[in-house]
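Grab a pencil and try each exercise before you read its solution. Every one asks you to find something in the structure and then reason one step at a time.

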Amino acid sequence: MDCHLPYLTSDCMIEIFTFFNEEDLISASSVCKDWHDAAETPWLWRQLCLQRWGFCNISVVGSEHVKPAWKRYFLRRSHLEMKMMKGRSGSDYTCKSLRGHTGRVVGLVYLQGNMPQLPDLWNCDAIVCSASTDGTVRAWNVQNGVQLWCSPLQSPLTGIVCDREHGVVITADSTGLIKTWEGHTGQETASYSAASPHCTLLHYNMNSSCFLSVGTSQGSVCTLAGSALTRKSSLVVCDTFKVNILLVSPDKKWILAGTKDNDDFSPKVICTESLTSPSEEEEPLCQCLPVTGCQAAVFIPTQPARLAVIHHKGRSNNKALTVLDVSIKRTKYKTEIQIQQVASFALTLNSRDILLEARDSSTLVVAADRELWVYSLTGALLTSFKDHTEPVSSICVDSFRVVTASRDLSLRVLTWRHDRDHRLTLESRYHLLGGSHSMSRGFTHVACDFSSVVASVEGKDGKDVLKAYCFTS
């Protein structure tokens, strides 16, 4: 075939090439100069990118009008994802041990990282901060495996969250003292005493302001504002039981607060403005959910105010998963919260240690004991796994993969894919091992960004170690 036929114009070739995949385009580009120019058309590679990922951080490779930008992005990201799907030690990822803590790690967060929503494939430096019962918070460079800073000693820490937008780390200790730390230097910037041995921390940004809501052992939610941790409000949620469920909706208009310690208690949905801008004349706007004995909950990430709750059903040990929509109804005389049930279905779970996450508007991930289940919002079981020999202690879910951490000293990596009927499902890929059983008791926490996984390993000597797995393109 003569590729120089006069009627085979550039526009015709580009139109034909829209039916090609990336391998076909690469092959076509080697035929001749005209085919090469047509196959290098940015629009073709842009279409491939958007068809596969839906959104792309093209700014990381320069202007999208530069001819190879979309092609470079596609090839680099697909190559990195292939490595993350195969998980071959040495060739696909490196593993580093981050040592320094002399106590138990109680939590870890990414202060800086490569988020799955908009990954930067050329600048992958990640910073993780960890809190420990040794009374320190430490920051680590994940790729280099080095400690960046360590806070002064204080009482044993019990929790950690971060404000990535402002580069701030927030911790709580066993006396209820809450502190903020400058994320890149480790300098303490503010403190507040909640006078509670247990604090559940929830950070969120709303209307260009940052807030921290704190669930206490006394059953109240205390809300602080700004970098100075100025107290804004305090609301009793569950009387004498500690608040250990505290979530904020994607639109930041609602907060869910409750306890796992009372099977008769109903968690409450609270209007965020009632906590951040309380009125002296009006009672806080809140409403109990029509369920009791909440064991796990999550807001659906792509919906403004839809949440899923795993709770007790009836007087036996039966459990159910209920999906609810939260909205507000205003009339001339009053404003009230409306809660509408979207779906509800039974679960066969014997464990009280249940983990619940959502991938998108239609997919839920449940972990309990040694098993993992994937459900649709209507209760259809999409798939299930029993890859671990000991209980799952932590899970991390994003749009590309699920990572489960277990007491069997392994992390299991599973990736999302569509089956022949174009239905979303999960495929089990490989294990990431955590070291020697003679020295460790298993993984306790796991966190991920797009190109790395960090997990804490409980040491038998009382000194926990972080394991950092980094994938490179």
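## Exercise 1: A serine in a loop

Leaving aside neighbours within four places in sequence, S227 is in contact with T180, A190 and C210. Keep in mind that this is a predicted model.

**Task.** Find where S227 sits, and decide whether S227 is buried or exposed.

**Solution.**
- Start with the place: S227 is in the loop that runs between strand 12 (220–225) and strand 13 (230–236).
- Next, check the accessibility. The relative accessible area of S227 is 57%, and exposed means over 50%, so S227 counts as exposed.
- Now pick one of the contacts, C210. S227 and C210 are 17 residues apart in sequence, and their C-alpha atoms are 7.7 Å apart in space.

## Exercise 2: One side of a helix

**Task.** Work out whether the span of helix 4 (residues 42–53) agrees with 1.5 Å a residue, then say where its buried residues point.

**Solution.**
- Begin with the span. Helix 4 has twelve residues, and the rule is 1.5 Å times one less than the number of residues, so the expected span is 16 Å. The C-alpha atoms at the ends of helix 4 are 16 Å apart, which agrees.
- Now list the buried residues of helix 4: L44, W45, L48, C49 and W53. These five cover an arc of only 140 degrees around the axis, so they are on the same side of helix 4.
- Here's the general idea behind that: an α-helix has 3.6 residues a turn, so residues three or four places apart point the same way.
- What lies over those buried residues? The cover includes helix 1 (10–17), helix 2 (22–28), helix 3 (33–39) and helix 5 (69–86).
- Finish just past the end of helix 4, where G54 takes a positive phi of about 85 degrees.

## Exercise 3: Salt bridges

**Task.** Say how many salt bridges the whole structure has, then look at some of the pairs.

**Solution.**
- A search of the whole structure turns up 19 salt bridges.
- Take K71 and E40 as one of them: their closest N and O atoms are 2.6 Å apart. This pair links distant parts of the chain, with K71 in helix 5 and E40 in the loop between helix 3 and helix 4, 31 residues apart.
- Are these two partners buried or exposed? Buried means under 20% relative accessible area. K71 has 17% and E40 has 11%, so K71 is buried and E40 is buried.
- Move on to K334 and E336, whose side chains meet in a salt bridge at 3.5 Å, N to O. E336 has 28% relative accessibility, so E336 counts as partly exposed.
- D419 and R423 also form a salt bridge, with the closest N and O atoms 3.2 Å apart. D419 is partly exposed too, at 22% relative accessible area.
- Some salt bridges share partners, and these join R104, R407, R441, E458 and D464 into one network.

## Exercise 4: Buried charges without a salt bridge

**Task.** D408 and R401 are each buried yet have no salt bridge. Find which atoms their side chains reach.

**Solution.**
- Place D408 first: look in the loop between strand 27 (401–406) and strand 28 (410–418).
- The nearest side chain of opposite charge to D408 is R370, 8.4 Å away. A salt bridge needs the atoms within 4 Å.
- A polar atom of the D408 side chain lies 3.0 Å from the backbone nitrogen of T389. Not counting residues up to four places away in sequence, D408 touches H388, T389, E390 and H437.
- Now turn to R401, which is in strand 27. For R401, the nearest side chain of opposite charge is D398, 4.0 Å away.
- The R401 side chain reaches the backbone oxygen of D449 at 2.7 Å. A polar atom of that side chain also lies 3.3 Å from the backbone oxygen of S452.

## Exercise 5: Positive phi without glycine

**Task.** Which is buried and which is exposed, N207 or L409?

**Solution.**
- N207 isn't a glycine, yet has a positive phi of about 55 degrees. N207 is in the loop between strand 10 (199–206) and strand 11 (209–216).
- L409, also not a glycine, has a positive phi near 70 degrees. Look for L409 in the loop between strand 27 and strand 28.
- Now compare accessibility: N207 is exposed, with a relative accessible area of 65%, whereas L409 is buried, with 2%.

Notes
Residues numbered from 1 in each chain as written. Predicted model: local features only at pLDDT ≥ 70, side-chain atom pairs only at ≥ 80, totals over all residues. Heavy atoms only, no water. Helix = DSSP H or I, 4+ residues; strand = E, 2+ residues; numbered from the N terminus. Buried < 20%, exposed > 50% of the residue type's maximum accessible area, 1.4 Å probe, protein only. Lys, Arg positive; Asp, Glu negative; His and termini not counted. Polar contact = N/O pair within 3.5 Å; in protein donor to acceptor, adjacent residues only side chain to side chain. Contact = heavy atoms within 4.5 Å. Arc of directions from axis to C-beta.
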